[in-house]
Amino acid sequence: MGRDGVVVPVVDHEQSCLNKKTAVSRSWILLDHNGHNAILDVGKYVVMRRFQIHARDLRILDPMFSYPSTILRREKVILLNLEHIKAIITAEEVLLRDPMDDNVIPIVEQLQRRLAPDNIITEGQEQEDDVEFPFEFRALEVALEAICSYLDACTRELETDAYPALEDLISKISCRNLDRVRKLKSTMTRLTNRVQKVRDELEQLLDDDDDMADLYLSRKLTLASLPVSGSGAPDWFPNSPTIGSKISQASRASAAAATQEDNDVEELEMLLEAHYTQIDGTLNKLITLREYVDDTEDYINLQLDKRRNELIQLELILSSGTVCLNMYALVTSIFGMNIPYTWNHNHGYMFKWVVIISGIAFALFFSTMILYARRRGIFGS
């Protein structure tokens, strides 16, 4: 395995044949507990055989498929599919997909810094404790920090764009502002679903101690390497019952201590709890933004209802005025009939009185209709 960006070619003939038969190989970066890293160009069958995982598990890490954020627990590995972070973590190494991606490069740098032997002791832990943080948890912590920070940055960027757009829509309802808010709301919905999925994964882990215990890969490796209880001393001490007894007692004590600690998940629980709090805060920001968007929509709907009511009132006023004018026109049409009535002759002075009295009568009728509508609450004050 090479150091710092060395491309390691695949020389195995069987692996080459499998790569030719399957999809095009993709780029991975491998980082181990000694701080070494190597860029690999291998196919999925090589990864499956090396880490002993199934094809359905590896399919989750394929960027060609759209899977939600997932943290899978297997016997010897942890599979992470957190947005752009697609990794396989073991007790001794980390395999990360697409290391040249712009969003993945900072994660690779963090892994190189945090997984180095000089950074074994956890930050904030007293030196006198001298407790080593498991390798898989250091890698998991980097991934969770990266995804939580990434989603929080996306949320802040969305808030920066959304609040001014909503204020513009409140001040002026236009097609441009409505379309702008519609796009922001779609982005907010997708981002909320992504954040919710990561939060649900962490919450599911925190709710089940057995699931958290499955993430202790180093502990499993230690238990597997312990000698069987009661097996006696090794062969190189056949004639030393005292030493053999001490070694047997030490082995049994180690096994008992490991078994006692098997259900101790406080260390991982604190790690997950910290990132759960962070992602929950991000989700609360999105929920607050969604509530503000809903309130803005309600306000816009009220404004539109008010405008609609004003148009209905205007239409009613115009209809009432039209009725009065039609009645006034009826009088005009009666006097305009070409019928030989006797009062059509020598009574020209009556024309102005008919016009004046009819106008006053229908104006009073129109005013009565408006006053009646106001009293009944049809018109606003």
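**Fold statistics and internal cavities**

Among contacts between residues at least 6 apart in sequence, 68% join residues at least 24 apart. The model is predicted. Its chain has 381 residues, of which 34% are buried. The secondary structure consists of 11 helices and seven strands. About 23500 Å² of the chain is exposed. Carbon and sulfur atoms supply 55% of that area.

Two cavities of 30 Å³ or more were found in the structure. The largest has a volume of about 60 Å³. Three elements each give two or more residues to its lining: α5 (135-171), α6 (175-206) and α10 (266-335). Helix α6 provides the largest share, with four residues. The full lining comprises Ala162, Ala165, Leu166, Val181, Leu184, Lys185, Met188, Leu289 and Val293. By class, eight of these residues are nonpolar and one is charged. No polar residue takes part. The charged member is Lys185.

The second largest cavity holds about 50 Å³ of space. Its lining is formed by Leu80, Ile85, Ala87, Ile89, Val94, Leu96, Ile107, Leu111, Ala139, Val142 and Ala143. Strands and helices both contribute. The elements that give two or more residues are β6 (85-89), β7 (93-97), α4 (105-114) and α5. This lining has 11 nonpolar residues, with no polar and no charged ones. Helix α5 thus recurs: it gives two or more residues to the lining of the largest cavity and two or more to that of the second largest.

Cysteine residues were examined next. A disulfide is a covalent bond between the sulfur atoms of two cysteines. The structure holds zero disulfides. Two cysteines can be described by their accessibility. Cys154 has a relative accessibility of 18% and counts as buried, because the cut-off for burial is under 20%. Cys175 has a relative accessible area of 67% and is exposed, because that value is over 50%.

In summary, the chain combines 11 helices with seven strands and encloses two cavities of 30 Å³ or more. The lining of the largest cavity includes one charged residue, whereas that of the second largest has none.

Note on methods: Residues numbered from 1 in each chain as written. Predicted model: local features only at pLDDT ≥ 70, side-chain atom pairs only at ≥ 80, totals over all residues. Heavy atoms only, no water. 1 Å grid on protein atoms, 1.4 Å probe; cavity = no way out; pocket = protein on both sides within 12 Å on 5 of 7 lines; lining within 4 Å. Points joined across faces, edges and corners; volume = space filled by probe spheres on them. Buried < 20%, exposed > 50% of the residue type's maximum accessible area, 1.4 Å probe, protein only. Contact = heavy atoms within 4.5 Å. Areas by Shrake-Rupley, 256 points an atom, 1.4 Å probe, with all protein chains shown as cover. Disulfide = S-S within 2.5 Å.
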